Amino acid sequence: MADNEEKSVSSAKNSSAQYAPYNQADHQEVDTEAKSSEFIPYGVRRIEIISSQYQNIYGRIAVFFSIFLVAYGYGLDGTTRYTFQTYATSSYSSHSLVATINTIRSTFAAAALPFIARLCDIFGRIEIFIISVLFYVIGTIIESQAYDVKRFAAGALFYQFGYTGSTVVLQLMAADFSFLNWRVTASFVPALPFIINTWISGNITSALVNTTSNRWSWGIGMWAFIYPLLSIPLILCYLHMYYLARKSGKLADAKRDDGTRRTTERLSWNPKSIVKAAWEMDIVGIILFAASLSCFLTPFTLAGGAKTSWQKGHIIAPLVVGFCLFPVLVYYEYYIQSRTFPWIIKPLLPTHMLADRGVWAAMGIAVFIDWVWYMQGDYLYTVLVVAVGESVNSATRISSLYSFVSVITGTILGFLIAYIRRIKVFIIFGISMWFVAFGLMIHYRGGSYAHSGMIGAQCLLGFGAGFFTYPAQASIASCTTHTYMSTAISLYLSMYYVGSAFGTSISGAIWTNILPEKLLDNLGDSTLATSVYGDPFTFALTYPMGTPERTAVIHSYSQTQKILCIVGICLIVPLFAFGFCLRDREMLSNEQSYDISAVEEAKAEHLSWSESIKSLFKIKLNSRSKDEKLNLKNTLAFKTR
């Protein structure tokens, strides 16, 4: 009996101790053990130390201004290159292959993003940025000197790797130098140049491509030396931070395990280290991911056109292979994570992250953002020039209005979120605006009367996008720790390109299968129909607005664009559903990422939300063994379903 009473008293003491406020001296040993199980890649630990050197406001301004300069370069280049690419393919009499090139680029970028983000974690941000600039320059040179569509597409791959690397590094840098409540504002810094580029891009394109000249090659090639120059300030900032960190002696802490966090050693560029890095980054999963996407999506745009070829083996075989590789990828990722593979540290599809609805809902939004946008935007410039009668300058500006309005809206919203610290309601509102915008585009799709309607639709589309594109990216950061932040952001951006690949392939398939038939039906001349389909801009110069031939072509383009927009408005429905599935966590004012463990422990102990947030800063609720923490997480996961 006495024994039972003693056990009861002991149990009560343990229970009270379990819920007592955290005491650092009493639990230092347990905390050290818990922290040591967290894997911190060398690049993450290194950037934490380097970024801490610019804690003052002037240092942060210097970094973000340097980010702005780099983004200004690739932003203006991307806006004008979108137009120049159209003229390049048209000069090869292969205008319909615009969607094919965009699909290949999107597929390649989707596979490259996780790979690049992990290279940043292993080797460092600025090292990967310099390599990205090098690929950017090489691809730009190849594109500008290409004399057929195959060489142009090859250059586009090099350019896309450099462009993707630059964008993901800038987003990671913005995240490294910002807290959660300012994350949306920081994420919009690389997008701010669109406010300027919208109005000057048209002048650049019209100066190089007009009725008397077609110098698209120079318009692309000049960025081979402009872009590296704009990258120099950012590189100098990081070199200065590196110098300060090394001088203070703090940088050496990133190279060793200090007993509190398990860090990986820095890998060099020798073959052995590269092989090790490849396994750590799950290179097999990345290859399967890229192969499945490219095989499945690209044939959609290659088939169809003036002569359908769906029955050909070179179209059917990649579709079957790509479809079969998807379950292989899923099984492989599940297999390596259900067993112990010490050489694969960060798998391509981490199941513990993807199980969180805050993560997979945001990734679903990322997929459908570009999927929906490309349904109306892939051939928007061509429709504006041929079917609406816009000039080169006007068509370029209207095509850029989406980015212009979205950046202004999102930047203002970012300052609002910094104080409100909730974003879900804004995301749902922004998505709902897309229904109205696509309704306008279905109505205003061709003819001179469509000028104002197209402008209004693009502005409304950009207004809605400002409420949910980058806020959804910030939402994903609120569901992950800093260790997995690069993985989460890279997967989110990768889903962007997956959506782009879906959008460009489907829009290309609709365009290549429907437009030739419409042109033939409305023109009644197979030779002229083939000529318009292959080189619409020459036709637009030859047949002005009001001629019977131009009117027939406008009708054909309008009918095709209507189908594209109807498909797009249908795809907004699942986008809207994903918005409702997001979590609505508070964007904290002194955290780079979310401390999920503290909130989960608070929920498990039935604390209120305000008490849960306080636990992030004031107390450690309790110290548990690894088995107890595992049981707690399983219980919480069951409750949240």
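Here are three short exercises, with worked solutions, on a predicted model.

**Exercise 1. Work out how helix α16 is oriented against helix α22 and against helix α21**.

Solution.
- Start with α16 (residues 357-377) and α22 (residues 485-523): their axes cross at roughly 30° and come within 7 Å of each other.
- Angles under 35 degrees count as roughly parallel, so α16 and α22 are roughly parallel to each other.
- The handedness of this crossing is right-handed.
- Now look at what meets there: the contact of α16 with α22 involves 16 nonpolar residues, five polar ones and one charged.
- Turn next to α21 (residues 469-477), whose axis comes within 9 Å of that of α16, at a crossing angle of roughly 155°.
- Because angles over 145 degrees count as roughly antiparallel, α16 is roughly antiparallel to α21.
- The crossing of α16 and α21 is left-handed.

**Exercise 2. Find the salt bridge partner of Arg 81 and place the pair in the structure**.

Solution.
- Recall that side chains of opposite charge can pair when their charged atoms come close.
- The partner is Asp 77, with 2.6 Å between the closest N and O atoms.
- The cut-off for a salt bridge is 4 Å, and the Arg 81–Asp 77 pair forms one.
- Both residues belong to helix α4 (residues 57-91), where four residues, about one turn of the helix, separate them.
- To put this in context, the whole structure holds four salt bridges.

**Exercise 3. Identify the residues that join Leu 236 in a nonpolar surface patch**.

Solution.
- First locate Leu 236: this residue sits in helix α11 (residues 223-248).
- Its companions in the patch are Leu 229, Ile 232 and Leu 239.
- Together, the four expose about 390 Å² of accessible area.

Note on methods: Residues are numbered from 1 along each chain as its sequence is written. This is a predicted model: local features need pLDDT of at least 70, side-chain atom pairs count only at pLDDT 80 or more; totals for chains, interfaces and linings use all residues. Side-chain values use heavy atoms; hydrogens and water are left out. Axes are lines fitted to C-alpha atoms, for helices over the stretch in contact, and angles run from 0 to 180 degrees between N-to-C directions. Helices (H or I, at least four residues) and strands (E, at least two) are DSSP runs, numbered from the N terminus. Angles under 35 degrees count as roughly parallel, over 145 as roughly antiparallel, 65 to 115 as roughly perpendicular and the rest as oblique. A crossing is left-handed if the near helix is turned anticlockwise from the far one by less than a right angle, and right-handed if clockwise. Ala, Val, Leu, Ile, Met, Phe, Trp, Tyr, Cys and Pro count as nonpolar, Asp, Glu, Lys and Arg as charged, and the others, Gly among them, as polar. Patches are made of residues with over 30% relative accessible area and no salt bridge: like charges are joined within 9 Å, nonpolar side chains (Val, Leu, Ile, Met, Phe, Trp, Tyr) within 5 Å. Accessible areas come from the Shrake-Rupley method with a 1.4 Å probe; for residues, only the protein chains shown count as cover. A salt bridge is a side-chain nitrogen of Lys or Arg within 4 Å of a carboxyl oxygen of Asp or Glu.
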